[in-house]
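This report describes strand pairing, helix packing and salt bridges in one protein chain. The sequence and the structure are shown below for reference.

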Amino acid sequence: MKTIVVIKYIFTLVGLGLLLGAFFVYKNTQDFMRDSLAAEGVVVDLVRSRSSDSTTYRPVVQFETRDGTLVEFTSSMGSNPPSYSRGEVVQVLYQSSSPEQAKINGFFSLWGAAVILGGLGAVFSLVGASIIVFGNLTGRKIEYLKQNGVRVKAKFQSVERNKSLSVNGRNPYKIYAQWKNPTTGKLHVFSSENIWFDPTDHIHTDDISVLIDKGNPKKHYIDISFLPEVAD
């Protein structure tokens, strides 16, 4: 399904973009800390920030630079519950050229943005890469079975929705068939790849062609070439 193809590349690109953003934020923080001066500040207020589903509190801090200038800034990082309280003394890092862009010398204040971007980037990249890798492995397995598999006739059993996968609220279908191994007498249940339309009306026989690995029938591919192609 084209939607899955689009999703896997979007997730991968978004993930890589977030990871790249995390790297730049990390480097900028490193550069800031290398050139910064330290001062003692006091939390004078807490600014409440609301979003659609949460409320956070960002500390407002006052401090005095080395030349005696009183500076007030609002931290870019907030939390709920608040990480600081009014009147609390904190260490501040600032650059003499732009003291109003000071930061509280705390892990979350300094590295929080990089950690959040990096975490989201890792999740998006992992999801996208997993879909790509799984698709490639599945494609290789099918190609191998088409070239080297043993073709057997299995008995058609049913068509069922694959409720473990949903794209845009839709579930794909799978064809199920059974085959009794004449050598071992064991019954094998085969399932097809995901099919993004109901194939029931296109199955006109009880015999379904299946390609199996001679040494391991669990590795199989139900031949669905008889199904019509979906128009773009």
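Does Arg-86 count as buried or exposed? Arg-86 counts as exposed, at 53% relative accessibility. The value is computed from a predicted model, as are the other values in this report.

## The salt bridge of Arg-86

The side chain of Arg-86 meets that of Asp-45 in a salt bridge, with an N to O distance of 3.0 Å. This pair links distant parts of the chain: Arg-86 belongs to the loop between strand 3 (70-74) and strand 4, Asp-45 belongs to strand 1, and the two positions lie 41 residues apart in numbering. Asp-45 is partly exposed, because its relative accessibility of 31% falls in the range between buried, under 20%, and exposed, over 50%.

## Strand 1 and its partners

Strand 1, which holds Asp-45, spans residues 37-50 and pairs with strand 4 (residues 89-94) in the antiparallel sense over six bridges. Within this pairing, Ala-38 is placed opposite Leu-93 of strand 4.

Strand 1 also pairs with strand 2 (residues 55-64), again in the antiparallel sense, here over nine bridges. A hairpin of four residues connects strand 1 to strand 2, and Arg-50 stands opposite Thr-55 in strand 2.

## The five-stranded sheet

Five strands form an open sheet in the order 8-7-6-9-10, with antiparallel pairing. Strand 8 (187-191) and strand 10 (216-222) are at the edges; each has a single partner strand, so one side of each is left without a neighbour in the sheet. From one strand to the next, the twist averages 45°.

Inside this order, strand 6 (residues 150-161) and strand 7 (residues 173-180) run antiparallel and are joined by six bridges. Ser-158 stands opposite Tyr-176 in strand 7. Helix 2 (residues 107-148) packs on the sheet and touches strand 6, strand 9 (207-213) and strand 10. The direction of helix 2 makes about 95° with that of strand 10.

## A salt bridge between strands 6 and 9

The side chains of Asp-207 and Lys-155 meet in a salt bridge at 3.2 Å, N to O. Asp-207 lies in strand 9 and Lys-155 in strand 6, so this pair ties together parts that are 52 residues apart in sequence. Both residues are partly exposed: the relative accessibility is 35% for Asp-207 and 48% for Lys-155.

## The network around Arg-34

Salt bridges that share partners join Asp-31, Arg-34 and Asp-35 into one network. Within it, the side chains of Arg-34 and Asp-35 meet at 3.8 Å, N to O. Which of these two counts as exposed, and which as partly exposed? Arg-34 is exposed, because its relative accessible area of 57% is over the 50% limit. Asp-35, at 46%, counts as partly exposed.

In total, the model contains six salt bridges. Among them are the pairs Arg-86 with Asp-45, Asp-207 with Lys-155, and Arg-34 with Asp-35.

Key: Residues numbered from 1 in each chain as written. Predicted model: local features only at pLDDT ≥ 70, side-chain atom pairs only at ≥ 80, totals over all residues. Heavy atoms only, no water. Pairing = 2+ DSSP bridges. Axes fitted to C-alpha atoms, helices over the stretch in contact; angles between N-to-C directions. Contact = heavy atoms within 4.5 Å. Salt bridge = Lys/Arg side-chain N within 4 Å of Asp/Glu carboxyl O. Buried < 20%, exposed > 50% of the residue type's maximum accessible area, 1.4 Å probe, protein only.
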